[in-house]
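Colleague: I am new to this structure. Could we go through it in a few questions?

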Amino acid sequence: GRARLSRQDGRGVEEEEEEEGWQQLYPGHIPTSPLQKALLAAGSAVMALYDPYRHDMVAVLGETTGCLALPNLRDKMKHHPEGYRILQERPCIRLSTLDMARLRGLPDGSLGREYVRFLEDNKVSPDTRMPPRFVDDEELAYVIQRYREVHDLMHTLLGMPTNMLGEVVVKWFEAVQTGLPMCVLGAAFGPVRLSTRKLQVLATELVPWAIRSGRNASCILNVYYEQRWEQPVESLREEIGIFPPP
Amino acid sequence: LCRCRCRCRALLSRPPGAPRALRGFAAGPEMHFGFQTVTEAERREKIYQVFENVAKKYDVMNDSMTLGVHRLWKDILVHKMNPTPGTLLLDVAGGTGDIAFRFINYVRAAREQQLQRKLKHHQDLSWQEIFDSYQEDKFHSLGDSQAVVCDINREMLKVGKQKAQHLGYSEGLSWVLGNAEELPFDDDKFDVYTIAFGIRNVTRIDLALQEAYRVLKPGGRFLCLEFSHVTNPLVSRLYDLYSFQVIPVLGEVIAGDWNSYQYLVESIRRFPPQEELKEMIEDAGFFKVDYENLNFGIVAIHSGFKL
């Protein structure tokens, strides 16, 4: 099952195992010791590089190394009216919560229409995101889950496909935006698998643009995307502060 | 962070000794699945799922977790068995075939030696007689030895069969889907019964031992290779640290499955120690029951005979 993190009375879901005294903070949570986190971080980094199709390893890397960046992001959200609402209402982008037919019917150039187009062109689905397991705070687990769900929208706003090149560009943008070590590592090591021609385009045009946009833009987690499907992509880009793609 | 430390400390200390009733006996509806408490039916289902999930990566994980040492343990088991050509082996929970393949290799080598010795003694035969003896021996390269691999899990058997094909094992092997607690074989059938790293996962160990006794011929041997109890305090601490801190991480990184390997290390801690298992084997009717510790008791080989 997927870890749907909804606010219940008090803090998330707590289950106490009588014998050991460890606490599962949310469904799917696996409590880990600092040593285990360190081993997981190292192991997942190596495995993610060795086998790029292991998306679960990228997810694990993000969770085990995000202990500084995630609270930072959560605070940014708390101090922004729209971000604060997102933390309260905990929306999830899932096929079950999206009205695909309605989004498809929206005018071209609107966020909803372009997002659906992106999903169909690249044959991806919002339901394949890994639920967080190794984050030891229920609210931060939601923050990282939100970041993962918003990733596809980043592709849409930045106009980048899901091939290796597009992913690297989005990683650069996200690295500047979130400061997550996993994004930084992905941005730095991702290009290793690209051809020289692509590397050139990457270095001269795409990365500088991604960095400029990332710096200029307000926090991407502070946008309530589910309430903005009708908004034209260009207008949303301007509002957030993302420069038009080259 | 404080919560993590609590768990870590709790995990590093020995778990509360479960009453003997829970270890291998279904006293009432509650049983253990690692450190969780479940019903008998739930336990069977969970264990089936664990092995369904790990089947494809089983061998890779074994090598990673034990740094290849499990191969030595299995070699020692077959050496201790010392099978002669013509032996009929039942390997229960044999899944991916490790014991069965070693058995075949051993018997084949023994057979080669046998043939060579026979030829040496036939120096005064005519060419025709020598040619004839070659012909009949060619069809018995295993000398009628047979290994039957029995496992409750289809996925594990599937992996085992593929491995056999890949490695070129064809004759003398059969694969049977079956439950150790209720074997699909007649009484008094096998010369040797082995169960390597499988008895820990059986829900009713007493039934499995009784079944082992039933299907063995009189004079047959029972051999069990399993994780056991470490008494040396220093080794025990290092072993616990490695088990609980490293193995689930390996499971996650290599097989993408933390929970199955968490179950693995917990189930090892729950399993009866050497002396207790020895008593259980004696209870099933075996004689001359003995055990041999390997690596300070991390692993033990228990042996018994049906007389």
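Colleague: How are α3(B) and α4(B) oriented to each other?
Modeller: This is a predicted model. In chain B, the axes of helix α3 (residues 58-66) and helix α4 (residues 69-81) come within 7 Å and cross at roughly 100°. Angles of 65 to 115 degrees count as roughly perpendicular, so α3(B) and α4(B) are roughly perpendicular.

Colleague: Which residues of α3(B) make the contact with α4(B)?
Modeller: On the side of α4(B), the contact is made by Val69(B), His70(B), Arg71(B), Trp73(B) and Lys74(B). The residues of this contact divide into two nonpolar, three polar and three charged. From α3(B) come Asn62(B), Asp63(B) and Thr66(B).

Colleague: Is Ala187(A) buried or exposed?
Modeller: Ala187(A) sits in helix α9 (residues 181-189) of chain A. Leaving out residues up to four places away in sequence, Ala187(A) touches Val168(A), Lys171(A) and Trp172(A). Buried means under 20% relative accessible area; Ala187(A) has 2%, so Ala187(A) is buried.

Colleague: Which helix of chain A gives the most to the largest nonpolar core?
Modeller: That core has 60 residues, of which Leu157(A) and Tyr225(A) touch the most other members. With eleven residues, the helix that gives the most is α7 (residues 138-158) of chain A.

Colleague: How many residues are in the other core, the one with Trp73(B)?
Modeller: This core lies apart from the largest one. Among its members are Phe35(B), Met65(B), Trp73(B) and Ile247(B), and its residues number 52.

Definitions and conventions:
Residues are numbered from 1 along each chain as its sequence is written. Chains are lettered from A and ligands numbered from 1 in the order in which they are written. This is a predicted model: local features need pLDDT of at least 70, side-chain atom pairs count only at pLDDT 80 or more; totals for chains, interfaces and linings use all residues. Side-chain values use heavy atoms; hydrogens and water are left out. A nonpolar core is a set of buried Ala, Val, Leu, Ile, Met, Phe, Trp, Tyr and Cys residues joined through side-chain atoms within 4.5 Å. Buried means under 20% relative accessible area, exposed over 50%, partly exposed in between (1.4 Å probe, protein chains only). Helices (H or I, at least four residues) and strands (E, at least two) are DSSP runs, numbered from the N terminus. Contact means heavy atoms within 4.5 Å. Axes are lines fitted to C-alpha atoms, for helices over the stretch in contact, and angles run from 0 to 180 degrees between N-to-C directions. Angles under 35 degrees count as roughly parallel, over 145 as roughly antiparallel, 65 to 115 as roughly perpendicular and the rest as oblique. Ala, Val, Leu, Ile, Met, Phe, Trp, Tyr, Cys and Pro count as nonpolar, Asp, Glu, Lys and Arg as charged, and the others, Gly among them, as polar.
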